Amino acid sequence: MSLKTVLAPLLGNDADTAILNAARSLAALHGAHVFVAHIHRDPREVLVPQVGMGMSASMIETLVEQAENAANEARAVSLAAFDRWREANNFPSVEKPTDIDGVTVSFETIVGEPGRVVARRARTVDAICVVAPTDSEGADAAMIAEAAMLESGKATLVVPQDVEMPAITGIAIGWNASKEAAAAVAHAMPLLETVDNVLVMSGIDDDLTEEQLGVFVDSLLWHGVKATAKSFVASSGSISGRLQAEAREADAQLLVLGAYSHSRLRESIFGGVTDDILTAARIPVLMAH
């Protein structure tokens, strides 16, 4: 099993570099292809709610032209970031599968509502990289992150914009025996099989015992993954902070975690971590729903 295709959606802002570097770290493990996609809305669709009665045709065309110029400028920013990243890493640019060893890359432009087009495009790859959205990134970054995690059906790597992602040699898993956590582990298996250091962290309560945690850790051995387990009382402290701190202490560069919809948040000890990770992540997190 290997991870062979990664999607890196860019918006033409400061987060582009963080997303590209995260995609490089994922792709390097198995020599994957990185589809770099600049995403922008259709300028005419953006303007529809703003066009009121009484506006002349020339006024409307001026607004459309301004919106198109802004979209073209954002695309130029993403393309420039892509070119610098590709040249710095000496990645071959290809459009079709080839026999080239190592990471390959390509650049495309997708026009449409960001969440919808990213979710659809992500369903054709093995993993997608997004930045943990902040207020400065705007609504589109948050929309893309949420759509990737909850609507793509694929693994989503969420990276803090200001955290440089190194090569992945250790991985931590936040395990609570839910179907979301199981999905995240299944998507992460190509990575887990590659690294030497895997830590499983679990909050122990009536629904998840030490014995059940041991069964899960043993199940990883069937894939050749030799993991160690670390448990804690499920009701103690901030789960999000605890998971990230334990992962860093274990020298893990990546945390694997289930992604939860709002209806699921009230049912799991790790549920609220989904929102916490999006707003206060200090370590890259691989999530799946």
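The mean pLDDT of this predicted model is 87, and 85% of the residues of the protein reach 70 or more. Among the elements, strand 1 (residues 5-10) has the highest mean pLDDT, at 98, while helix 9 (residues 262-265) has the lowest, at 42. Over residues 262-271 the pLDDT is below 50. In the model this stretch still has 24 contacts beyond near neighbours in sequence. Where pLDDT is low, predicted coordinates should not be read in detail.

The secondary structure comprises ten helices and ten strands. Of the 289 residues of the protein, 50% count as buried. The accessible surface comes to about 13400 Å², and carbon and sulfur atoms account for 52% of that area. If contacts are restricted to residues at least 6 apart in sequence, 79% of them join residues at least 24 apart.

Helix 1 (residues 15-28) can be checked against its expected length. At 1.5 Å a residue, its 14 residues should span 20 Å, and the end C-alpha atoms are indeed 20 Å apart, so the two values agree. Helix 1 is also mostly covered, with eleven of its 14 residues buried. Among them are the alanines Ala 15, Ala 18, Ala 22, Ala 23 and Ala 27. Ile 19, Leu 20 and Leu 26 are buried as well, and the buried set also includes Asp 16, Asn 21 and Ser 25.

Next come the charged pairs. The whole structure holds nine salt bridges. One of them joins Asp 140 to Arg 41, with the closest N and O atoms 2.7 Å apart. Asp 140 belongs to helix 5 (residues 139-151), whereas Arg 41 sits in the loop between strand 2 (33-40) and helix 2 (43-47), so this pair ties together parts that are 99 residues apart in sequence. Both partners have intermediate accessibility: the relative accessible area is 24% for Asp 140, which is therefore partly exposed, and 29% for Arg 41, which is partly exposed too.

Other salt bridges lie within a single helix. An α-helix has 3.6 residues a turn, so residues three or four places apart point the same way. In helix 8 (residues 239-249), Arg 242 and Glu 246 are four residues apart, about one turn of the helix. The two form a salt bridge whose closest N and O atoms are 3.0 Å apart. Arg 242 is partly exposed at 27% relative accessible area; Glu 246, at 10%, falls under the 20% cut-off and so counts as buried.

Helix 3 (residues 57-89) supplies a second case. Asp 83 and Arg 86 are three residues apart there, a separation of about one helical turn. Their side chains meet in a salt bridge at 3.7 Å, N to O. Asp 83 is partly exposed at 26% relative accessibility, and Arg 86 is partly exposed at 21%.

The aromatic residues come next, and they involve helix 3 again. A pair of aromatic rings is described by the distance of the centres and the angle of the planes. The count comes to four aromatic pairs. Phe 82 and Phe 107 form one of these, with centres 5.4 Å apart and planes at 45 degrees, a tilted arrangement. Phe 82 lies in helix 3 and Phe 107 in strand 3 (residues 104-111), so the pair ties together parts that are 25 residues apart in sequence. Phe 82 and Phe 107 are both buried.

Trp 85 and Phe 91 make up another aromatic pair, an edge-to-face one with 5.2 Å between centres and 65 degrees between planes. Trp 85 and Phe 91 are buried as well. Ring pairs link Phe 82, Trp 85, Phe 91 and Phe 107 into a cluster.

A last residue in helix 3 is Asn 69. Asn 69 is partly exposed, at 38% relative accessibility. Its C-alpha lies 9.1 Å from that of Pro 43, although the two residues are 26 apart in sequence.

How values were computed:
Residues numbered from 1 in each chain as written. Predicted model: local features only at pLDDT ≥ 70, side-chain atom pairs only at ≥ 80, totals over all residues. Heavy atoms only, no water. pLDDT = per-residue confidence, 0-100. Helix = DSSP H or I, 4+ residues; strand = E, 2+ residues; numbered from the N terminus. Contact = heavy atoms within 4.5 Å. Expected span 1.5 Å × (residues − 1). Buried < 20%, exposed > 50% of the residue type's maximum accessible area, 1.4 Å probe, protein only. Salt bridge = Lys/Arg side-chain N within 4 Å of Asp/Glu carboxyl O. Areas by Shrake-Rupley, 256 points an atom, 1.4 Å probe, with all protein chains shown as cover. Phe/Tyr/Trp six-rings, centres within 6.5 Å; stacked < 30°, edge-to-face > 60°.
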